[in-house]
Amino acid sequence: MAKTVIIDPISRIEGHLAVRVEIESKAVKNAYCSGEMFRGFEVILKGRDPLDAQQITQRICGVCPVSHGIASVLAQDMAYRASVPSNGKLARNLILGANYIQSHLTHFYHLSALDFIDIQAITGYLGKDPALNELKDWVKVQISSGQVYPGAPFLPRYLGGYVKSSDLNITAIKHYLEAFDFRSMAQRAGAIFCGKLPHAASLVPGGVTEKIDSQKILAYRTLMQQIRTFIVQAYLPDVMAVAASFPEYFRMGKGCGNFLAFGVFREPSGSQNTFFPSGTLVDGRLTPFNPDFIREYTQYSLFSSPTGLEPSKGESQPDPKKQGAYSWIKAPRYNGQVMEVGPLARILVSLADGKNQTIVREINNFLKDTGQKPENMVSVMGRHAARAIECKLVADQCLEWVEQLIPGRSAFTDFEIPESTEGIGLTEAPRGALGHWLQIRDKKISRYQCVVPTTWNCSPRDDQGVPGPVEQALVGTPVSDDRNPLEATRVVRSFDPCIACAVH
Amino acid sequence: MISRREFLDYSARLALMLGLGTSAVPRISEALELLSSEAPPVLWLQGQSCSGCSVSFMNTDAPGPAAMLLRYLSLKFHSTLSTATGDVGMDIVHSTIERGGFYLVVEGAMPVGMPEACKMGHEPMTDLVARAAARAKAVVSVGTCAAYGGIPSAQNNPTGAMGVPEHLKRLNISTTMVRIPGCPAHPDWTVGTLVHIIKFGMPELDNELRPKLFYSKLIHERCHRFADYERENFAKQFSDDGCLFKLGCVGTNTYADCTLRFWNSRTNSCIPSGGPCIGCASEQFASKASFPFYRKTESANKKEDNRS
């Protein structure tokens, strides 16, 4: 007999996600992901001035607002035939890159690490680090305080197998605390070129409004170098150490095994090439990405709009009481296939593509250092590793792009908005492939559709009844104690879900 | 533990942030000591939010987020930071509410017209927030969505979204309330208001329940491009120097201290980066399609009219 366990809410992700798993013989037999929050951005955007879009869509997500801003200005660049000067493209990459790093550091340390690291190990700390001693004293005082649930938000947690090495635990806890500063430093770096974060002020079609000068270049470079040092000396080694402690997670949470990447970080030259290439991997075969193959299905989603629409014709009419539906998330499919998106998809597509040797080298180094095979990357640990590898690549790249800025030269070219037009903005958020489809009539938005990374990853079943990537990844996951489904939450968090994005 | 000197340094920075001057330092130190010994419980709930106000809160630098969590408040539950998941998480939420005496922070709007549009632990957030608010010492609505409804409640409002104070008022819940609007709320506004409430009681509020400390002056009044406005030196297109008023800047009727305080540890702000103020801290933010953020389209239209 299968036992149903509902994990609601899944904390330490963005937003409102509930996961229902059916457990039989100590393993997940069936899984259902429910996005539990809807705002209706696409309905709200209808009838508005098109320039409102890059500001409004950034508010879809406070973790990756820049990606929505970029998708929106790319759609508008296309719709207005706006040309973006080199400084503008570089500045966009620098803002986006800084936001990637912020997102990845937050995800590993503040959202995921405590699934593996034993926070209670701090009570045995004997060293002299003031921050760690403060945490140790705090935990002791908390535990003796007689409060309800002492130690929140760090305790309680699921019981289960955590890291045993006290050295690794202490090092990772120290980095958990330090990562607060570095993620915040990444936001400062981004804000140099976009006014503020979250929710950037300077992104517009035609480039950015920020002026480029040498002080800003130097300030960005200085911050980014410090952040890069943390990525190289803390983040990557910590991921490898956690991976070495949990090698079984290189074989768990495989999922659908198909990958989709739209490509991201446009080259500053005139080409449409991106640093991370676009492409799809189905059964390990790389094929070029074609946006015409995307459809969104809604049989199990809380919408009354027709199912199977392409995004350029998409609709989002809510139907909160719809029979049989169990999520606010739609089910996007590519050529009918379930696809995983995210850092792992970007890394695997880059590896298969093979043109960018910098990326290939970085992945191969990781595989050599950890003794893993490329196919083991399709796993819980592979997703964490891909994120960390990517984080270093992005930091390196930002340090190159910032040197290419030319002080005093414009980062913006003016444009005019036609009466009627269309545009598509394809990019990648930290969590994966992101697209905005824009249609303008009488200079107003007549249709706006977003297909967002977690829409792919946390999608419910499609009209054929095929489960989404996270649902598939959960199946087969061993759960040793159904009151403490720690293993299942590790699988879910490896995707870095963002429900505000997924539903919008 | 931190040294006495470090502690006083924090206090001084916090006093400065709150605009209280150095004479307030001893009282602030006392407040912080009280916070670390009897850390008051805080329950942070998310309605229809983007988590941007939480991300912004994590950008706090004096004190930093780790210090905030360890010294200044006892964050019972926050869905982005808590280790507790699922039933354990909900049990913390329920037992905190039952005990009472906590401060409730809400981020995100309330989908009053469609309660299914936001749920946690099988319960509509509109009910959970009402239940918690009734037993809280004070309700702090962080960000424009919680304060006024924000973008979820903008024209077309498909979920019947509204701000937290409005939702609670309809239910006759009379707990003390404060609004910290902003999209997102600046970390100093959130941290400064929480510390003030906990030690000194409610800060002085204006008639919209905003702390006067942060919201008493217009963006425009303290804008470094104010002289450009006076000289009628207006930017004509994005990225131009000069006052951004004619590109749609609404710093002239938005109350907040961004132009003085700046964002991300005083790195930059919207207007200095060439972005017109879009009024993200005001009740009207994004509310009407007929009032766009930028006036680019209008000027382009005029250009075409002149040509014809």
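1. Two strands are taken to pair if DSSP finds at least two bridges between them. In this predicted model, strand β1 (residues 41–46) of chain B and β2(B) satisfy that criterion in the parallel sense, with four bridges between them, and within this region P41(B) has S74(B), a residue of β2(B), as its bridge partner. Helix α5 (residues 86–99) of chain B packs on the sheet here, where it touches β1 and β2 of chain B, and its direction makes about 125° with that of β2(B).

2. The sheet to which these strands belong is an open one of five strands in chain B, with parallel pairing and the order β2-β1-β3-β7-β9. Its edges are formed by β2 (74–78) and β9 (176–180) of chain B, each of which pairs on one side only, and neighbouring strands are turned by 20° against each other on average, direction ignored. Helix α9 (residues 187–200) of chain B lies across β1, β3 (103–107), β7 (138–142) and β9 of chain B, and it runs at about 160° to β9(B).

3. For chain B as a whole, the assignment gives 13 helices and nine strands, and buried residues account for 65% of its 308 residues. Of the contacts in chain B between residues at least 6 apart in sequence, 73% join residues that are at least 24 apart. The chain exposes about 11300 Å², of which carbon and sulfur atoms supply 49%.

4. Chain A contains an open sheet of three strands, ordered β1-β2-β3, in which the pairing is antiparallel. Because β1 (3–7) and β3 (27–35) of chain A stand at the edges with a single partner strand each, one side of each is left without a neighbour in the sheet. Neighbouring strands of this sheet are turned by 20° against each other on average, direction ignored. Strand β2 (residues 17–24) of chain A pairs with β3(A) over eight bridges in the antiparallel sense, and the bridge partner of E24(A) in β3(A) is A27(A).

5. Turning to the interface, 87 residues of chain A are in contact with 86 residues of chain B. The two chains bury about 7700 Å² between them, with 57% of that area on carbon and sulfur atoms. E134(A), Y149(A) and P153(A) supply 8% of the area that chain A buries against chain B, more than any other three residues.

6. The count of salt bridges between chain A and chain B is three. E134(A), which is also one of the three residues named above for buried area, meets R71(B) in a side-chain salt bridge, with an N to O distance of 2.5 Å.

Notes:
Residues are numbered from 1 along each chain as its sequence is written. Chains are lettered from A and ligands numbered from 1 in the order in which they are written. This is a predicted model: local features need pLDDT of at least 70, side-chain atom pairs count only at pLDDT 80 or more; totals for chains, interfaces and linings use all residues. Side-chain values use heavy atoms; hydrogens and water are left out. Helices (H or I, at least four residues) and strands (E, at least two) are DSSP runs, numbered from the N terminus. Buried means under 20% relative accessible area, exposed over 50%, partly exposed in between (1.4 Å probe, protein chains only). Contact means heavy atoms within 4.5 Å. Accessible areas come from the Shrake-Rupley method with a 1.4 Å probe; for residues, only the protein chains shown count as cover. Axes are lines fitted to C-alpha atoms, for helices over the stretch in contact, and angles run from 0 to 180 degrees between N-to-C directions. Buried area is the accessible area (1.4 Å probe) that two parts lose on being put together, summed over both. A salt bridge is a side-chain nitrogen of Lys or Arg within 4 Å of a carboxyl oxygen of Asp or Glu.
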